Amino acid sequence: MYRGKRIVVVTPAGRRRYLNVLMPYVLREKAIIDKYRFWVNTNNAEDIKYIKQQVDSDPDFFEAEYLDDPKPDWKGNRRVRLICQFFKNCTEPDTVYVRLDDDICWMMPGALKALIDYRIDNPEYFLVYPGIFNNGYTAEIHSALGLVKFPSKSFRKWQRESKWGILHHEKLLESIENNDAHKWLFESVVIKDYAQAPINCISWIGEEFAKFGGVVADENCDYLEEVWLTKIKPGQIHKHNCMYGGSLMAHFAFNTQREYFETHTNLLESYEVLSLYDGAMEF
């Protein structure tokens, strides 16, 4: 328990190379996390083996959740486990949930605690985000603050152009090397007009999701859970989402960037080295 709340962190999983980078950051802040839950969203045998190894290493902390009846994805073109189905088990009272994508590749010291504190202190928001590098919405904020220059465009257009994601990562890594990553911190920003923003990391309150049984973008809908969580549901209940820049994290790559990032840059290798160092530090 932390501040009278149970803290549950979930990750749609999993790509083991990315999870290897993420795990040290999670374990660094284990003291405030009651349960870390892998949402098993892969059919890759080696990835599943990795997840099972983590659970076996600490079954009181780690947990693997599988879906009994995975449905086709929203386009119906392949059999996959839909991430939206996992939210049904994230509705417990007095519980704060945090979703970390498996390719969250860096966290500022104390980032998870800062996000959880803000989430607890601001129940009026539907979702709370940290500031996330390689996220189009955060990029707009950093650009507006004059920290880096990005073109003004929708995040979907932004994420398709790998050069902007690379620039965001490179600026962060440069700041970490110079020990001034704090310059990227910013005040909370309400996401107005129920705009869609990438959900690389989000936090919600169990009681709020219990109001609709955790049924997120059901299997018959024509949109992904991101649209439902950021546009549809907030608009229905008139609750905004908020990005809290007092917590900073980095997201490695969108699907449209991934191949280029992995084959033409050393970004992942840089984050792998950082995770070994940062994850071992206590704050």
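Trainee: In which loop is the place of D193?

Mentor: A word on the model before we look: it is predicted, local features need pLDDT of at least 70, side-chain atom pairs count only at pLDDT 80 or more, and totals for chains, interfaces and linings use all residues. Residues are numbered from 1 along each chain as its sequence is written, and side-chain values use heavy atoms, with hydrogens and water left out. Helices (H or I, at least four residues) and strands (E, at least two) are DSSP runs numbered from the N terminus. On that footing, D193 is in the loop between β7 (189-191) and β8 (201-205).

Trainee: Is D193 buried or exposed?

Mentor: Phi of D193 is positive, near 60 degrees, although the residue is not glycine. Most residues other than glycine have a negative phi. For the cover, we call a residue buried under 20% relative accessible area, exposed over 50% and partly exposed in between (1.4 Å probe, protein chains only). The relative accessible area of D193 is 70%, so D193 is exposed.

Trainee: What is the relative accessible area of H238?

Mentor: H238 lies in the loop between α8 (225-237) and β9 (241-251). Its phi is also positive, near 60 degrees, in a residue other than glycine. H238 is exposed, with a relative accessible area of 60%.

Trainee: Which peptide bond is cis, with omega near 5 degrees?

Mentor: Look at the loop between β1 and α1, where G14 lies. Most peptide bonds are trans. Here the cis bond runs from A13 to G14.

Trainee: What is the handedness of the β-α-β crossover from β1 through α1 to β2?

Mentor: Strands pair if DSSP finds at least two bridges between them, and β1 with β2 (residues 35-40) has 6, in the parallel sense. Within that pairing, P12 has W39 as its partner in β2. Between the two strands the chain passes through helix α1 (residues 16-28); a crossover counts as right-handed if, with the strands pointing away from the viewer, the path from the first strand over the helix to the second runs clockwise. This crossover is right-handed.

Trainee: Which residue is the bridge partner of V8 in β4?

Mentor: Strand β1 (residues 6-13) is mostly covered, with 7 of its 8 residues buried. It also runs parallel to β4 (residues 95-100), joined by 5 bridges. In β4, V8 is partnered by Y97.

Trainee: How far apart are the end C-alpha atoms of α6?

Mentor: The expected span of a helix is 1.5 Å times one less than its number of residues. For the 16 residues of α6 (residues 162-177) this gives 22 Å, and the model agrees. Its buried residues include W164, H168, L172 and I176. The end C-alpha atoms are apart by 22 Å.

Trainee: Which helix gives the largest share of the largest nonpolar core?

Mentor: A nonpolar core is a set of buried Ala, Val, Leu, Ile, Met, Phe, Trp, Tyr and Cys residues joined through side-chain atoms within 4.5 Å. The largest one has 91 residues, and those with the most contacts inside it are Y36, L100, W106, W204 and L229. The largest share, 7 residues, comes from α1.

Trainee: What percentage of the 283 residues in the chain is buried?

Mentor: The chain has 10 helices and 9 strands. Nonpolar side chains tend to be buried together in soluble globular proteins. Buried residues here make up 57%.
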